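Thanks for passing this one along. Here are my notes as numbered points, to be read with the model open beside you.

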Amino acid sequence: RNCDWSSDVCSSDLLYVLFAAAIFVFFERLIAIRKASKIDDNFMNIIRDNIVTGNVTAARNLARNTDNPVARMIDKGLQRIGKPIDAIEKSMENIGRLEIYKMERNMNILSLITGIAPMFGFVGTIVGMLQLFSSIAAKGELELGEIAGGIYTKMITSATGLIIGIIAYVAYNFLNTQVDKTANKMEVASRDRKSTRLNSSH
């Protein structure tokens with residue numbers, strides 16, 4: 001359908017689309033990040049025990065069959081056993097960065113919505129106000145209640161855009177916090193892996 005800024009059709013439709021996109025991205029990323037952060041408390045203990053006892057194959061099988069970033073990073077380190085420690089650490093860091101990138105995928109959409117939703121709201125309000133004042137000028141006079149009602153309607157568009165922007169901002173920062181928590185788990189696992197290798201080499 002054609003946009004009718006004077007009746008807030010364009011701005012409202014765009015804001016609804018942005019809100020729906022923000023909600024979809026938030027829950028899609030939240031589910032993915034939570035899945036990625038789940039790891040058995042005994043995972044690293046079992047890996048450590050297997051390495052110390054020389055059963056690297058069992059450790060690799062466990063890591064390969066565990067679907068989360070920590071396990072994939074450990075598996076990459078286990079594949080490099082026998083190589084210099086620097087090479088092992090670098091390969092694990094590369095996997096770690098890749099896994100974090102996967103978790104952050106599409107989060108930039110939320111950041112974008114944070115900025116553009118309020119702007120769309122303001123644009124809708126400004127265009128609507130211009131239409132209202134143009135109507136006043138054309139008719140010569142309007143009832144005060146009609147003017148106030150028109151202004152109120154246009155201001156709702158601005159408020160809606162601002163609220164959607166705030167929601168997207170909070171959602172983005174919440175997801176960032178969850179990614180950071182998972183990254184910390186990966187860092188701890190990497191240190192444990194290094195410590196285990198050094199201990200087992202003695």
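1. N106 sits in the loop between helix 5 and helix 6 (107-139), where helices (H or I, at least four residues) and strands (E, at least two) are DSSP runs, numbered from the N terminus. Although N106 is not a glycine, its phi is positive, about 75 degrees. N106 counts as partly exposed because its relative accessibility is 34%; here buried means under 20% relative accessible area, exposed over 50%, and partly exposed in between (1.4 Å probe, protein chains only). E28, in helix 1, is 78 residues from N106 in sequence, yet their C-alpha atoms are 9.4 Å apart in space. E28 is partly exposed too, with a relative accessible area of 29%.

2. A word on conventions. Please keep in mind that this is a predicted model, in which local features need pLDDT of at least 70 and side-chain atom pairs count only at pLDDT 80 or more, while totals for chains, interfaces and linings use all residues. Residues are numbered from 1 along each chain as its sequence is written, and side-chain values use heavy atoms, with hydrogens and water left out.

3. For the overall layout, the chain has seven helices and zero strands, so the order from the N terminus on reads α-α-α-α-α-α-α. Of the 202 residues in the chain, 34% are buried.

4. Helix 5 (residues 85-104) deserves a look of its own. Its 20 residues reach 29 Å from first C-alpha to last, close to the 28 Å expected at 1.5 Å a residue (the expected span is 1.5 Å times one less than the number of residues). Which residues of helix 5 are buried? They are I88, S91, M92, I95, G96, E99 and M103. These cover an arc of only 140 degrees around the axis, which puts them on the same side of helix 5; the arc is that of the directions from the helix axis to the C-beta atoms. The face turned away from that buried side carries the exposed residues D86, K90, R97 and Y101. An α-helix has 3.6 residues a turn, so residues three or four places apart point the same way.

5. Helix 2 (43-52) can be read in a similar manner. Its buried residues are F43, M44, I47, N50 and I51. Seen down the axis of helix 2, they fall within an arc of 130 degrees, so they line one face of the helix. Just after helix 2, G54 takes a positive phi of about 85 degrees.

6. E99 is worth a second glance. This helix 5 residue is buried, with a relative accessible area of 4%. E99 and A36 lie 63 residues apart in sequence but 8.9 Å apart in space, C-alpha to C-alpha. Both E99 and A36 are among the residues lining the second largest pocket.

7. That second largest pocket holds about 180 Å³ of space. On a 1 Å grid over the protein atoms alone, a pocket is an open set of points where a 1.4 Å probe fits, with protein on both sides within 12 Å along at least five of seven lines; lining residues have an atom within 4 Å of a point. Grid points are joined across faces, edges and corners, and the volume is the space filled by probe spheres set on the points. The lining is made up of R29, A32, K35, A36, D67, N68, P69, R72, E99, K102, M103 and R105. Helix 1 (9-37), helix 4 (69-79) and helix 5 each supply at least two of the lining residues, and helix 1 gives the most, with four. By class, the lining has four nonpolar, one polar and seven charged residues (Ala, Val, Leu, Ile, Met, Phe, Trp, Tyr, Cys and Pro count as nonpolar, Asp, Glu, Lys and Arg as charged, and the others, Gly among them, as polar).

8. Last, the core. The largest nonpolar core has 34 residues, and F43, I47, I74, L110, I113 and L175 have the most contacts inside it; such a core is a set of buried Ala, Val, Leu, Ile, Met, Phe, Trp, Tyr and Cys residues joined through side-chain atoms within 4.5 Å. Helix 1 gives the most to this core, with eight residues. L175 lies in helix 7 and counts as buried at 0% relative accessibility. The C-alpha atoms of L175 and I33 are separated by 8.0 Å, with their positions 142 residues apart along the chain.
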